[in-house]
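User: I am a first-year student, and I would like a close look at one part of this protein. Please take me through it slowly.

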Amino acid sequence: MDIQTLLQQNRSYRRFDPSVSISKEELMKLVELTRYAASAANQQSLRYILVADEERNNKIFPLTAWAGYLKNWPGPAEGERPVAYIIMCKETASANTHILFDAGIAAQNILLGAVEKGLGGCIIGAFNKPKLRVLLDLPDRYEILYVIALGKPAEEVVIEELADNNIKYWRDEHSVHHVPKRKLNDLILEI
């Protein structure tokens, strides 16, 4: 698969097929891809918690918020929820002032690796941080940055050209998820 196709298939998936599980070994292989990511000053201060069991998944799910633009959608229903999570953390003592750059690159590596394996995911930044910290019994030396939900996608996501400068994604009457993207010429200031 060429890089453009891989990137086009790497969407934020929010509904998953629960019959396709992801093992901890598969999660470890996805996290291994972050080892090859750039890191500001090569500090490598990101750490990960891998969750692939139903009991813990069921405790994490209610602490997450999904698809802010879809006002009438409460998130994945039972039977379409993630089968695994990678919780991305940072060392609180790290002097890395560019940690969010590192986190974005690492998350992209994880999701591209997932897509290559026929999986998909969603980077979640809206979650109950204090309750998740307690649930995970996370030591104070770490802070949770993102929750990456993973599974076999059970929805169609379509990229379309941005119209009327409206960046909001939406679902049609067939539950197809539409994601507007700016045209290439709108991104380039000068040639």
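Is W66 buried or exposed, and what is its relative accessible area?

Analyst: This is a predicted model, and in it W66 is buried, with a relative accessible area of 8%. The cut-off for that word is under 20% relative accessible area, so a value of 8% places W66 among the buried residues.

The next step is to ask what ring W66 pairs with. A search of the whole structure finds 2 aromatic pairs, and one of them joins W66 to F61, with the ring centres 6.1 Å apart and the planes at 35 degrees, so this pair is described as tilted. F61 has a relative accessibility of 11% and therefore counts as buried too.

The other pair is made by Y69 and Y169, whose ring centres lie 4.9 Å apart and whose planes meet at 55 degrees, so this pair is tilted as well. Y69 sits in the loop between α3 and β3, while Y169 sits in the loop between β6 (157-161) and β7 (170-171), and so the pair ties together parts that are 100 residues apart in sequence. The two residues differ in their cover, because Y69, at 36% relative accessibility, counts as partly exposed, whereas Y169, at 16%, counts as buried.

From the loop of Y69 we can step back to helix α3, which covers residues 54-60 and contains N57. N57 is buried, with a relative accessible area of 5%. If we leave aside the neighbours within four places in sequence, N57 is in contact with V51, A52, P82, V83, A84 and Y85.

Helix α2 (residues 24-32) offers a useful picture of how burial can be arranged around a helix. Its buried residues are L27, L30 and V31, and because they cover an arc of only 100 degrees around the axis, they lie on the same side of α2. On the other side of α2, E25, M28 and K29 are exposed. The cover over the buried residues of α2 includes β2 (46-51), β3 (84-91), α4 (99-116) and β5 (142-153).

For a contrast with these buried positions, we can turn to the surface, where L184, L187, I188 and I191 make a nonpolar patch of about 490 Å². Within that patch, I188 is placed in the segment after α6 (184-187), and I188 is partly exposed, with a relative accessible area of 37%.

Definitions and conventions. Residues are numbered from 1 along each chain as its sequence is written. This is a predicted model: local features need pLDDT of at least 70, side-chain atom pairs count only at pLDDT 80 or more; totals for chains, interfaces and linings use all residues. Side-chain values use heavy atoms; hydrogens and water are left out. Helices (H or I, at least four residues) and strands (E, at least two) are DSSP runs, numbered from the N terminus. Buried means under 20% relative accessible area, exposed over 50%, partly exposed in between (1.4 Å probe, protein chains only). Contact means heavy atoms within 4.5 Å. Patches are made of residues with over 30% relative accessible area and no salt bridge: like charges are joined within 9 Å, nonpolar side chains (Val, Leu, Ile, Met, Phe, Trp, Tyr) within 5 Å. Accessible areas come from the Shrake-Rupley method with a 1.4 Å probe; for residues, only the protein chains shown count as cover. A salt bridge is a side-chain nitrogen of Lys or Arg within 4 Å of a carboxyl oxygen of Asp or Glu. The arc is that of the directions from the helix axis to the C-beta atoms. Rings of Phe, Tyr and Trp (its six-membered ring) pair if their centres lie within 6.5 Å; planes under 30 degrees apart count as stacked, over 60 as edge-to-face and the rest as tilted.
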